[in-house]
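Let's take a look at how the pieces of this model fit together. Have the structure open and follow along.

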2 protein chains.
Amino acid sequence: MEIRQTFARNLRIARQAKGLSQEEVAHRAGIDRTYISSLEREVYSPTIDVVERLAQAMEMDPLDLLRTTPAPT
Amino acid sequence: MEIRQTFARNLRIARQAKGLSQEEVAHRAGIDRTYISSLEREVYSPTIDVVERLAQAMEMDPLDLLRTTPAPT
DNA sequence: TTGTGACTTGTAGTCCGTT
DNA sequence: CAACGGACTACAAGTCACA
């Protein structure tokens with residue numbers, strides 16, 4: 001399983017779990033809304049800097065966005 | 001602590017712990033030798049694809065290259 | 001609210017070399 | 001063996017209009 005795919009899935013799931021729109025996350029992370037959309041669709045492989053910014057925007061550990069097995073609460 | 005810095009340190013430490021040269025890791029991962037050098041010096045923020053390839057080349061979990069606290073064996 | 005295409009810009013990543 | 005420079009190419013990063 002590619003890490004890019006894992007990230008894409010985790011991003012979407014975590015975002016929805018927190019009840020946030022792509023636009024809201026984009027705003028908080030200082031990233032364009034359509035770019036977030038692209039990441040969730042696996043168009044790009046993000047840099048670790050972007051992963052970190054997205055994690056901060058969603059108040060979570062960057063590693064949890066890359067983990068194959070989602071961490072339970 | 002920036003994730004880029006964490007990655008840079010972990011990469012160098014893990015590589016040296018396995019007794020590998022930058023060139024050897026580069027060869028195994030199919031990545032340029034000078035780029036590995038740059039990553040260890042925090043010049044660039046790698047994509048998660050590169051992180052994955054480097055981890056595979058060193059036979060370790062990609063997450064361990066990004067973890068603040070290095071995982072024990 | 002999200003997906004998508006077309007686009008520009010910046011940097012990731014390569015390849016040559018020298019120190 | 002590694003740091004570092006310059007010149008280059010590939011693709012991530014970021015913007016916009018529209019369905």
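## Before we start

A polar contact here is a pair of N or O atoms within 3.5 Å; within protein, one of them must be able to donate a hydrogen and the other to accept it, and residues adjacent in sequence count only if both atoms are side-chain atoms. Keep in mind, too, that this is a predicted model.

## Where the two chains meet

With that idea in hand, we can count: chain B and chain A share 8 residue pairs in polar contact, with both residues at pLDDT 80 or more. Which helices of chain B each supply at least two residues to the side that touches chain A? They are α1 (3-17) and α4 (48-57). Of these, α4(B) gives the largest share of that side, 4 residues. Sorted by class, the side of chain B that touches chain A has 9 nonpolar, 2 polar and 5 charged residues.

Charged residues also pair up across the contact, where the count is 2 salt bridges. In one of the salt bridges, the side chains of A:R4 and B:D49 meet at 2.7 Å, N to O.

## How much gets covered

People often describe the size of an interface by the accessible area lost when the parts come together. Here, chain B and chain A bury about 1400 Å² between them, and 66% of it is on carbon and sulfur atoms. On the chain B side, B:I3, B:I48 and B:L63 lose the most area to chain A, together 45% of what that side buries. As for who takes part, the contact draws 16 residues from chain B and 16 residues from chain A.

## Meeting DNA strand D

Now for the DNA. There are 19 residues around strand D, and A:Y35, A:T47, B:R12, B:R15 and B:Q22 come nearest. Both chains pitch in: α3 (33-40) and α4 (48-57) of chain A, plus α1, α2 (22-29) and α3 (33-40) of chain B, each supply at least two residues of the surface near the strand. The most come from α3(B), with 3 residues. By class, this surface has 4 nonpolar, 8 polar and 7 charged residues.

Which parts of strand D does the protein approach, sugar or phosphate, or bases? Of the strand's atoms within 4 Å of the protein, 78% belong to sugar or phosphate and the rest to bases. For some examples, look at the phosphate oxygens. One is 2.5 Å from an N or O atom in the side chain of B:R12, and for the side chain of B:Q22 the distance is 2.6 Å. A polar side-chain atom of B:R41 lies 3.1 Å from a phosphate oxygen of the strand.

Conventions: Residues are numbered from 1 along each chain as its sequence is written. Chains are lettered from A and ligands numbered from 1 in the order in which they are written. This is a predicted model: local features need pLDDT of at least 70, side-chain atom pairs count only at pLDDT 80 or more; totals for chains, interfaces and linings use all residues. Side-chain values use heavy atoms; hydrogens and water are left out. Contact means heavy atoms within 4.5 Å. Buried area is the accessible area (1.4 Å probe) that two parts lose on being put together, summed over both. A salt bridge is a side-chain nitrogen of Lys or Arg within 4 Å of a carboxyl oxygen of Asp or Glu. Ala, Val, Leu, Ile, Met, Phe, Trp, Tyr, Cys and Pro count as nonpolar, Asp, Glu, Lys and Arg as charged, and the others, Gly among them, as polar. A residue is near a molecule or strand if one of its heavy atoms lies within 4 Å of it.
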